[in-house]
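The questions below go through a single protein chain, from local contacts to overall totals. Each answer gives its reasoning and then the result.

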Amino acid sequence: FENAVKRFKRRESVIIPIKTVQGLIQTDVSNILYVESELRKKKIILEDGISYETYDTMEHLEEILKPHGFICPHKGYLVNSRYMREFTPVQIKLMNGIVLPVSRRRYKAAADAFTSNFV
């Protein structure tokens, strides 16, 4: 029962502010598909295809998003586990068909984090 309550709380609407290159935005964490690091900029990809760029660090974004079901399968990505369809030792396939890499070094931690979302 406690695990079911934890899963339910993770699905509650959580609005976070993000300082982007375009300005300050607010978005529901559940609408974020993934975050991709591109040199100094981080690209935040939303479910509706809109993306925003920020100069925030991956460490800070991970700190904000990890409690909401995000996993870090590669140093350049944070992925919302809610949108993951397939998880293999080399890649993650999202519900919309996007394929993201999984590094060997982070596979075990990412797999444990992904499966803990269902326990």
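Q: In this predicted model, are F87 and F114 buried or exposed?
A: The cut-off for a buried residue is under 20% relative accessible area. F87 has a relative accessible area of 18%. F87 and F114 both count as buried.

Q: How do the rings of F87 and F114 form an aromatic pair: what is the angle between the planes?
A: F87 and F114 lie 5.6 Å apart, centre to centre. Planes under 30 degrees apart count as stacked, and this pair is stacked. The pair links distant parts of the chain, with F87 in strand β8 and F114 in helix α3, 27 residues apart. The angle between the planes of F87 and F114 is 25°.

Q: How many aromatic pairs does the count come to?
A: Rings pair if their centres lie within 6.5 Å. By this rule the count comes to three.

Q: Which parts of the chain does the pair of F87 and Y107 tie together?
A: The rings of F87 and Y107 are stacked, 5.5 Å centre to centre with 15° between the planes. Y107 counts as partly exposed, at 29% relative accessibility. Because F87 lies in one element and Y107 in another, the pair ties together parts that are 20 residues apart in sequence. These parts are strand β8 (residues 84-87) and helix α3 (residues 104-116).

Q: Which residues do ring pairs link into a cluster?
A: F87 forms a stacked pair with Y107. F87 also forms a stacked pair with F114. The cluster linked by ring pairs is F87, Y107 and F114.

Q: Which are the edge strands of the open sheet that contains β9?
A: The sheet has three strands in the order β8-β9-β10, with antiparallel pairing. An edge strand here pairs on one side only. The edge strands are β8 and β10 (99-101).

Q: By what angle are neighbouring strands of this sheet turned against each other on average?
A: The sheet in question is the open one in the order β8-β9-β10. With direction ignored, the average turn between neighbouring strands is 25°.

Q: What is the bridge partner of M84 in β9?
A: Strand β8 and strand β9 (residues 91-94) run antiparallel and are joined by three bridges. Within β9, M84 has as its bridge partner L94.

Q: Which backbone oxygen does the side chain of S81 reach?
A: S81 sits in the loop between β7 (77-80) and β8. S81 has a relative accessible area of 10% and is therefore buried. Its side chain comes to 2.6 Å from the backbone oxygen of G69.

Q: Which side chains of strand β1 point to one face and are buried?
A: The side chains alternate along β1 (residues 15-19). I15, P17 and K19 point to the other face and are not buried. The buried side chains are those of I16 and I18.

Q: Which residue in the turn between β1 and β2 has a positive phi?
A: β1 pairs with strand β2 (residues 24-28) in the antiparallel sense over five bridges; one of the bridge partners is Q26 in β2, set against P17. The two strands form a hairpin with four residues between them. The residue with a positive phi, about 140°, is G23.

Q: How many helices and strands does the chain have?
A: Along the sequence the pattern is α-β-β-β-β-β-α-β-β-β-β-β-α. This comes to three helices and ten strands.

Q: What share of the residues of the chain counts as buried?
A: The chain has 119 residues, and its accessible surface comes to about 7,400 Å². Carbon and sulfur atoms hold 53% of that surface. The share of residues that count as buried is 38%.

How values were computed
Residues are numbered from 1 along each chain as its sequence is written. This is a predicted model: local features need pLDDT of at least 70, side-chain atom pairs count only at pLDDT 80 or more; totals for chains, interfaces and linings use all residues. Side-chain values use heavy atoms; hydrogens and water are left out. Rings of Phe, Tyr and Trp (its six-membered ring) pair if their centres lie within 6.5 Å; planes under 30 degrees apart count as stacked, over 60 as edge-to-face and the rest as tilted. Buried means under 20% relative accessible area, exposed over 50%, partly exposed in between (1.4 Å probe, protein chains only). Two strands pair if DSSP finds at least two bridges between them. Axes are lines fitted to C-alpha atoms, for helices over the stretch in contact, and angles run from 0 to 180 degrees between N-to-C directions. A polar contact is a pair of N or O atoms within 3.5 Å; within protein, one must be able to donate a hydrogen and the other to accept it, and residues adjacent in sequence count only if both atoms are side-chain atoms. Accessible areas come from the Shrake-Rupley method with a 1.4 Å probe; for residues, only the protein chains shown count as cover.
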